[in-house]
Amino acid sequence: MSIVIVSVISVLMVCALAYRADALFYSEERLPMQWWITGEVTWSAPRRLALAFMPALAIVLLGFVTIMALYVPARAGEEGLVLPTMIGMGATLIAMQLLHFWLIGKTLRRQVR
């Protein structure tokens, strides 16, 4: 049951961050999605689509892993690793989303100058 709670909390946090970012980047029509090593934007997406990508990814990824954790028994000796793995996955998704927002903000500030 705690695995489901961790998944739901992670998805809700990712959705809340995306909602907050939508208000933050409201004036932008498109947001950068990928950068080259030099910092040049290689492609962008419409704002709402760009911000919906990570919540959709989190729902699919954490949903799949949660279902697998609930219905497929862990290997012997690995039963205690399921919850820490779910927490790590949720934290990683949140960290990557925050990194994406930071890169977007940095790119947009650079374009304004």
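Leaving aside its neighbours within four places in sequence, which residues is histidine 100 in contact with? I will start with that residue and then go through the rest of the protein. What you have in front of you is a predicted model.

Histidine 100 sits in helix α3. Once neighbours within four places in sequence are set aside, the residues in contact with histidine 100 are Pro32, Met33 and Trp35. Strand β1 covers residues 30–35, so those three contacts fall in a part of the chain you can find quickly on the screen. Histidine 100 has a relative accessible area of 16%, and because the cut-off for buried is under 20%, this residue counts as buried.

Now the overall layout. The protein has three helices and two strands. Reading from the N terminus, their order is α-β-β-α-α. Helix α1 takes in residues 2–24, and helix α3 takes in residues 82–112. The two strands are β1, at 30–35, and β2, at 41–46.

Next, confidence. The mean pLDDT of the protein is 92, with 97% of the residues at 70 or more. Among the elements, helix α1 has the highest mean, 95, and helix α3 the lowest, 91. As a general caution, predicted coordinates should not be read in detail where pLDDT is low.

On to the overall dimensions. The radius of gyration is 17 Å, whereas a compact globule of 113 residues would come out near 13 Å. Along the principal axes, the C-alpha atoms fill a box of roughly 55 × 30 × 15 Å. Of the 113 residues, 32% are buried. If we take contacts between residues at least 6 apart in sequence, 67% of them join residues at least 24 apart.

A second buried residue is serine 10, which is part of helix α1. Its relative accessibility is 8%, and that is why serine 10 counts as buried. Beyond its neighbours within four places in sequence, serine 10 is in contact with Leu62, Gly90 and Ile94.

Is glutamate 40 buried or exposed? Glutamate 40 counts as exposed, because its relative accessibility is 53% and the cut-off is over 50%. Its place is the loop between β1 and β2. Not counting residues up to four places away in sequence, glutamate 40 touches Gln34 and Trp35. Trp35 has already come up as a contact of histidine 100. How far apart in space are glutamate 40 and valine 72, C-alpha to C-alpha? The distance is 44 Å, with their places 32 residues apart in sequence.

Compare that with another pair. Lysine 106 and glycine 39 are 67 residues apart in sequence, and their C-alpha atoms are 10.0 Å apart in space. Lysine 106 lies in helix α3. With a relative accessibility of 41%, lysine 106 counts as partly exposed.

Last, the pockets. Rolling a probe the size of a water molecule over the atoms shows where empty space is left. The largest pocket holds about 190 Å³ of space. Its lining consists of Met68, Ala69, Val72, Pro73, Ala74, Arg75, Glu78, Leu81 and Val82. By type, seven of the lining residues are nonpolar, two are charged and none is polar. Val72, one of the lining residues, is the valine that lies 44 Å from glutamate 40.

Definitions and conventions:
Residues are numbered from 1 along each chain as its sequence is written. This is a predicted model: local features need pLDDT of at least 70, side-chain atom pairs count only at pLDDT 80 or more; totals for chains, interfaces and linings use all residues. Side-chain values use heavy atoms; hydrogens and water are left out. On a 1 Å grid over the protein atoms alone, a cavity is a set of points where a 1.4 Å probe fits but cannot get out, and a pocket is an open set with protein on both sides within 12 Å along at least five of seven lines; lining residues have an atom within 4 Å of a point. Grid points are joined across faces, edges and corners, and a volume is the space filled by probe spheres set on the points. Ala, Val, Leu, Ile, Met, Phe, Trp, Tyr, Cys and Pro count as nonpolar, Asp, Glu, Lys and Arg as charged, and the others, Gly among them, as polar. pLDDT is the predictor's confidence in each residue, from 0 to 100. Helices (H or I, at least four residues) and strands (E, at least two) are DSSP runs, numbered from the N terminus. Buried means under 20% relative accessible area, exposed over 50%, partly exposed in between (1.4 Å probe, protein chains only). Contact means heavy atoms within 4.5 Å. The radius of gyration is taken over C-alpha atoms; the globule rule is 2.2 Å times the number of residues to the power 0.38.
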